[in-house]
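Good morning, and thank you for coming. I should like to walk you through one model, beginning with a single residue and ending with the sheet.

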Amino acid sequence: MHVDQLEAYLARCTKNGQMDPFWLISGTDDFLAVEAGDAVRATARHLGYTDRQVLELTASGDWSRLTMAAADMGMFDDRKIVEVRIPTGKVGKNGAPTLLQYLDHPVDGVVTIFTLPTPEWQTQKEAWWAALSRKATHIDCTAIERRLMPQWLQARLARHGMSASTETLEAFADMTEGNLFAAAQEVEKLSLLYPKATLTTEQLRTSVANSARFEFDTLFESMKLGQADRIVRIIDGLEAQAEALPYLLAMLTSEIRSLIKLRSGYDQGISRVPGVFATPSSQQAARRLTVKKLCAALSVCADIDRLAKGLPVPKRDSDPWIELKSVVLFLAN
């Protein structure tokens, strides 16, 4: 289930007086994962799971601790929460068989909450992940897309009896995109400043700091989809975040090379190009951009790399971020 369905699901658990034995919280957004974990724990405590033990396990860790934690019930408790945090998203050769056996034998009175980032696609093919995804109640905490941010903000405001126009919600989303921790804090602040009010754009701009945070993938996705207006905001945001330009350039170069391979394949009548993970946006960009244009952008990236190293490049602006914005916009058009 997606995280926005969790509240209703937990309400049914409370009504039935019973918790599922295994819970899996995974995704790309830390805020959503934290909130989901808090909600599951709160429901479990309400149903009498008063004891709690937290384990952090890695691929090289001692996974026998998991079995022992489930068996080690407190003297005055008959229900327990075991939290298993897997920060790397990998369980290793020792963890996989232990985890499979653990899932096959749920312990009465024990609720186990597994928290980990979304594993890489290779890991998702492993038996332990398949079993965990199947046997646990899976809460998907994937980051909220920009187009859905106004809806998410509207729901948060409604919790405090507040509302806002579409224009105000769009402005709010622009100011907090990619940073749900800040968005939630700003909603709390606004609820104190303007209790149960219909929020105006003017009130928003005078009260909310611009705390949008962008990831590289957001930039590449906007480039492939031709979203020129967003590209300017994203690159300005990445520069303000003091992101490492050489690393960003390396990733951009890799994206362009993948698009060149994809477009070259299309030109030869090949729909599936070996070694290229073709997302829908990549396919769209490869059909829109010519190999000549992509190669020209690749050449500009080499110039930007020299600028970032402090080397002069004829006919280029001395600011590499300006040139980066230019080449990404070139590919978006």
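Which residues does Leu157 touch, not counting residues up to four places away in sequence? They are Met162, Ala164, Leu169 and Val187, where contact means heavy atoms within 4.5 Å. Before I continue, this is a predicted model: local features need pLDDT of at least 70, side-chain atom pairs count only at pLDDT 80 or more, and totals for chains, interfaces and linings use all residues. Residues are numbered from 1 along each chain as its sequence is written, and side-chain values use heavy atoms, with hydrogens and water left out.

Leu157 belongs to helix 6, residues 149-158; helices (H or I, at least four residues) and strands (E, at least two) are DSSP runs, numbered from the N terminus. Its relative accessible area is 0%, so Leu157 is buried, a term for values under 20%, with exposed over 50% and partly exposed in between (1.4 Å probe, protein chains only).

Let us turn to the sheet. It is open, with 5 parallel strands in the order 2-3-4-1-5; two strands pair if DSSP finds at least two bridges between them. Strand 2 (51-56) and strand 5 (137-140) stand at the edges with a single partner strand each, so one side of each has no neighbour in the sheet. From one strand to the next, the twist averages 15°; axes are lines fitted to C-alpha atoms, for helices over the stretch in contact, and angles run from 0 to 180 degrees between N-to-C directions.

Strand 1 (residues 22-27) is joined to strand 5 by 4 bridges, and Ser26 stands opposite Asp140 in strand 5. Helix 5 (residues 127-135) packs on the sheet, touching strand 1, strand 4 and strand 5.
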